[in-house]
Structure formats: C-alpha cells, structure tokens
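Student: I would like to work through this structure with you, one question at a time. Could we begin with the terms we need and then go on to particular residues?

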Amino acid sequence: MCGIIGYTGSLGASDIILDGLTRMEYRGYDSAGMAYTTPSGKIALRKTVGKVKDLRAICDDDESTCGIGHTRWATHGGVTNANAHPHKVGNVALIHNGIIENYHEIVKEYNLSSDLVSETDSEVVAALINKLYDGDPTKTIKKVLSIIQGSFALGILFGDRPGSIYCVRNVSPMLGTHCKDGSFIASDLTAFIQFTKRYFIIPEYTIVTVRKDGILMEDLDGNNVEPEYLEVNWDVSAAEKDGYDHFMLKEIHEQPQSIIRTITPRIKDGLPDFSDEGIDDDFFKNVSDITIIACGTAMHAGIIGRTLIQKYLKIPVTVTIASEFRYEQPILNENSLVITVSQSGETIDTLAALRLAKEYTNKTLSLVNVKGSSIARESNYVLYTHAGPEIAVASTKAYTVQASMFYLLTAKLGLVQNKMSVDDAKAFIKNLEAVPSMMENMLSLDTHIKELTKRMQQSNNAFFIGRGLDYSLSMEGALKLKEISYIHAEAYAAGELKHGTIALITEGIPVIAIASQQHVYSKVISNIREVKARGAYVILISKDENITDNSICDAHLRLPDVDDDFTMFESIVILQMIAYYTAVGKGFNPDQPRNLAKSVTVE
Ligand code: F6R
C-alpha cells in the first residue's frame, strides 16, 4: 500500500526521497509525490500520476535538505494528479497512509470544502491542520487527533518550521531512525536501509518531531517518549535484485537459505526448541484446538499447518480468513491456541482478528517476518521467520518459511502432547532439515518449466488438482498464477472435480496435477485420466519414475523421492516457477502485479 518517507539532515532531500520511494515501489502504487521546505518558509510541491521515475523527471530544482515523499495506492478517489500526495493546504503539506473514516463529517463541521481540490480523505486532514494551526505544531496535531477517526500514518511539513517533519500514527505502520546523515521516517525499512540498519517503531498516538539533529517524541499528556531501537540482520543488498531479472525470481531462489535461517536456530539435539523465544513446553500442553488466522498466501501456509497438525495431533484445527474471523463470533476458549501468520506483520485484518482473539484466549502466537511489526508486538508470543525482506508482491519465500515453521510446531506439539515419540519427532525434523538441498535441486528445472509455460500463456483458465497435502498446496499454486499472470486459476480437490467443475474442462485447458501422496496416488491418477480424456493439457508433478504413458499427462515434472509429508517444498518451487515464467512470457512484471499492494494496511 502507500509508501511514506521523510528525511531531514545534511544531504539533499530530493534524491534521498526519490531513492526511498523507488525502494518502496514494490508495495504497489499508482502515483507519487514529494514536498520539501525551503529556508524562506515556503513549501514546494511536486506530484504526478505514474511511476517514481516520472516524479524524478519533474524534480530538478531543489536544494532542500528536508522533505516528505509518498507513493499512493488509490482508495478514496481515482488515480489523478490532484489525488496524489502530498496534499498542500495553506502552509501545511501532508502525506498519509490509511483511511480517515469520518472525513465527510469533518468537512461539514469545519467548513473545509472550499479548501479542497482532491477527492481524498487525506487532503481533509491537511485542511483541518491548516485551519486549526496556531503556530504550535504539536498542540495542533493533538487537537486534530481528537477529531479524526480511522487508521493513519501522517507525515506533515509546516512552512514556518523549515527543517522539521512532524508525524503521528494509529494502526498504519511507520518507522523512524536517526543516524549520522540525519533523521528519517518511513513506512518500511527498505526506504532508508542504505543509511542504517537501526530503526524504531513509532508508537501509536505519539507526536514525533523529526529534526536533523535528532527525533523527539511526546505522548498525548506531554510526556517524553524514548525510541526503542531495533536492528535488522540484513542489509541493502538483500533489497536489491542481485543480477536476477525480477525480485520474485530472486526470492524463489532464496528459499533454501531462508528455511535454513528459520529452522536451524530452533532445532536443538534434533528436536524443535523455542526456548530462545521464551516459549516453554507448558504453552503447548493444554492446547485443545487451534485456530489459524491469516490472509492470502499466509493463510495458505496455515492450511498446510492444519493438514499436518490434524494428522499428527488429532485435534481440531480451523483456518480462518482474517477478514471473516474478525466479524464472526469466535469459538475459542482459554485452551484454544490462535496462530496468526503474516509476512509483513501489518495486515490490518489479521491484526484486528488477533485483537479479537485475545479477548478469548491468552494463547496467541504469531509467525511474522518483520521484526517489531504490529502483529508481532501484540501477540502473546512470536516466532519470527527469517526470510529477509520480501520485495516481490507475490509471496514466495515467506510462504515456505511459514510452512517450515508449521513443521516445527507440529513436532513440538506432537512431543509435548505425547502424540509423537522422540524418535519419530527426530526423524520428522531430519526430513525437514533435508528440505533446503532438495529445493535447490528443483530450481534447476527452470528451463524445462519455462518451456512448458508457453502452453499456459495461451489459456485464460487453468486448474490445479491434488489430494491431501497436495490439495492444500495447489491453492497456493493457483493464487500465484492468477495474481501475476492474470490467468483465472482454481484449485480443486481432485476427487471433487466431477461434482461440477469438470464441466469446465475442454480441449487444451491446462491442468496442473500434483500427485505426491502415496496413499491417494492411484485415485489422483484416475482423476487425471478423467480430465485428460476431456482434452486437458496436463502437467503432472509426481515422484513416479515410470510415467511414460501420455494418456496420463502431457508433461511430467519429477519430484525427488522424499517422505510424502515433505514433498510440498519441492512442489511449490515448481508451482512458483510456473506462475513466474507464465507471467514473464505474457510480458507482465511479476514484481508489481496490477491492483495489488504488498502490505495491505486498509480493510
Ligand atoms: C500473495 C500475497 C498475499 C499476502 C497477504 C497477507 O502472493 O502475498 O496474499 O500473503 O496479503 O500478507 P501478510 O503475510 O503480510 O499478512
């Protein structure tokens, strides 16, 4: 969603802001803008529909060392120059990420309509600040906070305060840092990672004054608030393409290392161990049922978790879409374990669902990739995945590290609840440790997969079928294909096809069939024959070395001979590459699919 950056320091602000906005392009946006203060007490404004490079083309004349920049993902009002941020009203310029719910009422009550030139909720806040400004930015912002409702991260310039940026947030993420080159605010770390690895999360409802020589924060009662600095263990190179054509391809290739980083510190004497995270075995002892809450790909990782945990633990596991859960009456008790899964840790629906779950149980655990993010901070316990920054909009490495975490959790729960012997748990973990090298082998199939996708590119529809764990996985395969190649794709339990959907199978329709589960192998093969007989173009993914019969499939991608519970890691590499090469073959940029944003911070 919208990207925010602010810089004040000793260097030229324009280049720093434009570079920061470029690094945040992955978040998804449709227009970009920048405002900066001049020493004479004026605010200069540049903004345009289009890409950051279009903004760069109109930013040629500033020597300012203080400014704010924004990439907008349209919510209120279309994609126009007027709706792009920053919004300048009087001598106030503002950037905003989030949604102001009561902006209509504010316009009426404060008689602001003649100040507005855009259709956005954000401009209303700029107009309100301008109207209430009494020469004291902090006091004015406090007044405004008592009026606006919704989620927001605001960066504000006052013309009469050159060199200072003011900000405040509620729910929507915003970070800050001070380093030798000056001070920054941003909606994510990639914006300023080339300057420092240290950052802090701006606390909600805290008024922040950002100056060249430091950052001051005060709460609504006027008390000073000290920043709590964190440090990331990746650097600017992790947020660059490193010779790959796209971030998505780079991130597909990074999966083996991401899994190693995620699981290795949590395996002691061959068994899962979460003591470094302060989660002792008692936490898992009385767990009677599990609810996994997430969105999109993270929810699909949860479905893998459900399949495994139910198999080994034999306790009920529900996977719920966060935006549904938060408006339902949860069926939870104090022994229910709620696991929220999120790469960004900022997805607003998942955060709201977590807040609701906490009203019912203290056993909340989150699997999160971004250190210090809202979901991580608000859960009772957190297990960080160590995928490193995920820049491509389509999630790949975050999914596999989330899945790997569910394998660790399955073994831990199995041991603690006496459903798995120590020997069985050790064997299970050993299989997990073998995953990264098996995934490496799959990456070498890329030329073959690229060739196969030539057929996929010609179709408007595709189906993914499988049973058991393969069905759980095929949901993610279908999502990847549709979000980046714009081919309509659906995942079906292979046995369910003939109850309706097989009517859609016509000559040449691609069907990606995953058949890696021995106990249902012959059943899936029968289902494949059913679609093949109706003309489908079948790509089969299986461990079977004897597939020669082209009455079963048109192409066969062979999996290594690993335990059935672990084939998902090898299969997903294939499905991710099918989606990637199909999208690229159709001429689309898989890193920035249309209409999508990386971190979904609006409801
Ligand atoms: C799809 C994708 C999304 C995210 C979803 C949740 O490729 O990336 O479906 O998985 O928006 O995001 P997080 O994990 O940040 O909560």
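Tutor: Let us begin with a definition: a residue counts as buried under 20% relative accessible area, as exposed over 50%, and as partly exposed in between. Please keep in mind that this is a predicted model.

Student: Is asparagine 418 buried or exposed?

Tutor: Asparagine 418 sits in the loop that runs between α13 (397-416) and α14 (422-443), and its phi is positive, near 55°, although the residue is not a glycine. Its relative accessibility is 69%, and the cut-off for the outer class is over 50%. Asparagine 418 therefore counts as exposed.

Student: Which class does valine 171 fall into, buried or exposed?

Tutor: Valine 171 also has a positive phi, of about 65°, without being a glycine, and its place is in the loop between β8 (165-170) and β9 (175-179). Most residues other than glycine have a negative phi. The relative accessibility of valine 171 is 14%, so this residue counts as buried.

Student: Which residue does a cis peptide bond join to histidine 85?

Tutor: Most peptide bonds are trans. Here the omega is about -5°, and the residue on the other side of the bond lies in the loop between β4 (66-72) and β5 (87-89). The cis bond joins histidine 85 to proline 86.

Student: Turning to the ligand, how much of its exposed area does the protein bury?

Tutor: The shell around the ligand has 13 residues, and the closest are Ser342, Gln343, Ser344, Thr347 and Glu483. Oxygen atoms of the ligand lie 2.6 Å from a polar side-chain atom of serine 344, 2.9 Å from a backbone N or O atom of serine 395, and 2.5 Å from a polar side-chain atom of glutamate 483. Taken alone, the ligand exposes 410 Å², and the part of this that the protein buries is 91%.

Student: Which helix gives the most residues to the shell around the ligand?

Tutor: By class, the shell is made up of four nonpolar, seven polar and two charged residues. Two helices, α9 (296-313) and α16 (469-485), each supply at least two of the shell residues. The element that gives the most, with three residues, is α9.

Student: How far does α9 reach from its first C-alpha to its last?

Tutor: α9 has 18 residues, for which 26 Å is expected at 1.5 Å a residue. The residue that follows α9 is lysine 314, with a positive phi near 55°. From its first C-alpha to its last, α9 comes close to the expected figure, reaching 25 Å.

Student: What covers the buried residues of α9?

Tutor: The buried residues of α9 include Met299, His300, Ile303, Ile304, Leu308 and Leu313. Both strands and helices take part in the cover, among them α13 and α16. The cover also includes β17 (289-294), β18 (317-321), β19 (336-342) and α18 (567-585).

Student: How far apart in space are arginine 198 and aspartate 213, C-alpha to C-alpha?

Tutor: Arginine 198 has its place in strand β11 (residues 198-201), and, because its relative accessibility is 36%, it counts as partly exposed. Leaving out residues up to four places away in sequence, arginine 198 touches Thr177, His178, Phe192, Tyr229, Leu230 and Glu231. Arginine 198 and aspartate 213 are 15 residues apart in sequence, and their separation in space is 16 Å.

Student: Which side chain does a polar contact of 3.3 Å join to that of serine 31?

Tutor: Serine 31 lies in strand β2 (residues 31-38), and its relative accessibility of 1% is why it counts as buried. Beyond four places in sequence, the residues that serine 31 touches include Thr48, His70, Arg72 and Ala84. The side chain joined to serine 31 by the polar contact of 3.3 Å is that of aspartate 30.

Student: How far is valine 538 from isoleucine 528 in space, C-alpha to C-alpha?

Tutor: Valine 538, in strand β25 (residues 537-542), is buried, with a relative accessible area of 0%. Apart from neighbours within four places in sequence, its contacts include Val511, Ala513, Ile528, Val531 and Ile552. Valine 538 and isoleucine 528 are 10 residues apart in sequence, and in space their C-alpha atoms are separated by 7.8 Å.

Definitions and conventions. Residues numbered from 1 in each chain as written. Predicted model: local features only at pLDDT ≥ 70, side-chain atom pairs only at ≥ 80, totals over all residues. Heavy atoms only, no water. Helix = DSSP H or I, 4+ residues; strand = E, 2+ residues; numbered from the N terminus. Buried < 20%, exposed > 50% of the residue type's maximum accessible area, 1.4 Å probe, protein only. Near = heavy atom within 4 Å. Polar contact = N/O pair within 3.5 Å; in protein donor to acceptor, adjacent residues only side chain to side chain. Areas by Shrake-Rupley, 256 points an atom, 1.4 Å probe, with all protein chains shown as cover. Nonpolar A, V, L, I, M, F, W, Y, C, P; charged D, E, K, R; others polar. Expected span 1.5 Å × (residues − 1). Contact = heavy atoms within 4.5 Å.
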